[in-house]
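Work through the exercises below with the sequence and the coordinates at hand. Each task is followed by its solution in steps.

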Amino acid sequence: MAKKNEVTVEEKLRALYDLQLVDSRIDEIRNVRGELPLEVEDLEDEVAGLNTRLDKLDADIEVIENDIKSKKNQIDESKATIKKYSEQQKNVRNNREFNALSKEVEFQELEIELAEKHIKEYKAQIEQKKEVIEQTKERLNEREKHLEHKKNELDEILSETEKEEQALIKKSAEFEKNIEERLVKAYKRIRSNVKNGLAIVPVERGASGGSYFTIPPQVIMEIAGRKKIITDEHSGRILVDEELAKEEQEKMTNLFTKVG
């Protein structure tokens, strides 16, 4: 005599198929979002990277401008030194002292030329970096607009589906609790190994759902009998008969309408 709380194979199949229908609906909702969350994340990273680049370019320009100031100060010092040596040349006592001062003046003049050359190079570097800044700002502006558009798109989808998704995730967890652990593990293993996430499929036109491989009539009869859990030898999916699938689909459609 069966125990009062013993679960039949048919009840297990119905519970598994209900779980599959709920999880498939969650998959559909997530597919609607598609790659949007990743796109938004990538755009946020790109915008952050562009802002970091702008900060670095601004810092580089500040360093170069300080170098220019330093070179201008050096030029002023060299000019003051030249003036001082030129005054001293007026009071020299011999050619040796005059030539020594002349060499110092010449050296300072060369220092001025070198400093002016460096200033010219620094200014060219600043112009080059300013061009890069303008290009980066244009890119940043375009990426920020694109990010805002994608965020709005994602927010719109989330506002439409998040409530339903959370309700279904909760329902999926509830369904799992009513199925023995070994079957849940088998279901999840099969589901993770198939592209469309379908671990439980009905028999359609003599083949397992989504498959072209024909199931022998004897096996189809066993599936319809709902006395044992049968898997498709080709895909490994658990099979249910078409009538059971229709009944559970109708039941779940009512559930989806309520949570949607």
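**Exercise 1.** Determine how far apart glutamate 142 and arginine 139 lie in helix α3, and classify their exposure.

Step 1. Glutamate 142 and arginine 139 are 3 residues apart in helix α3, so about one helical turn separates them. Helices are DSSP runs of H or I with at least four residues, strands are runs of E with at least two, and both are numbered from the N terminus.

Step 2. The two residues form a salt bridge, with the closest N and O atoms 3.5 Å apart. The term requires a side-chain nitrogen of Lys or Arg within 4 Å of a carboxyl oxygen of Asp or Glu.

Step 3. The relative accessible area is 35% for glutamate 142 and 39% for arginine 139. Both therefore count as partly exposed (buried is under 20%, exposed over 50%, partly exposed in between; 1.4 Å probe, protein chains only).

The model is predicted: local features need pLDDT of at least 70, side-chain atom pairs count only at pLDDT 80 or more, and totals for chains, interfaces and linings use all residues. Residues are numbered from 1 along each chain as its sequence is written, and side-chain values use heavy atoms, leaving out hydrogens and water.

**Exercise 2.** Find the salt-bridge partner of glutamate 165 and state whether the pair is buried or exposed.

Step 1. The partner is arginine 33, with the closest N and O atoms 2.8 Å apart.

Step 2. Glutamate 165 belongs to helix α3 and arginine 33 to helix α1, 132 residues apart, so to speak of the pair is to speak of a link between distant parts of the chain.

Step 3. Glutamate 165 and arginine 33 are both buried.

**Exercise 3.** Describe the largest nonpolar core and the surroundings of valine 22.

Step 1. A nonpolar core is a set of buried Ala, Val, Leu, Ile, Met, Phe, Trp, Tyr and Cys residues joined through side-chain atoms within 4.5 Å. The largest has 26 residues, and Val22 and Ile200 have the most contacts inside it.

Step 2. Helix α1 (9-33) is among the elements giving two or more residues to this core, and with 9 residues α1 gives the most.

Step 3. Leaving aside residues up to four places away in sequence, valine 22 touches Leu168, Lys171, Ser172, Phe175, Met252, Leu255 and Phe256 (contact: heavy atoms within 4.5 Å).

**Exercise 4.** Give the strand order of the open sheet and identify its edge strands.

Step 1. The 4 strands are ordered β2-β1-β4-β3, with mixed pairing (two strands pair if DSSP finds at least two bridges between them).

Step 2. Strands β2 and β3 (230-231) are the edges, each pairing on one side only.

Step 3. Strands β1 (residues 200-204) and β2 run antiparallel and are joined by 2 bridges.
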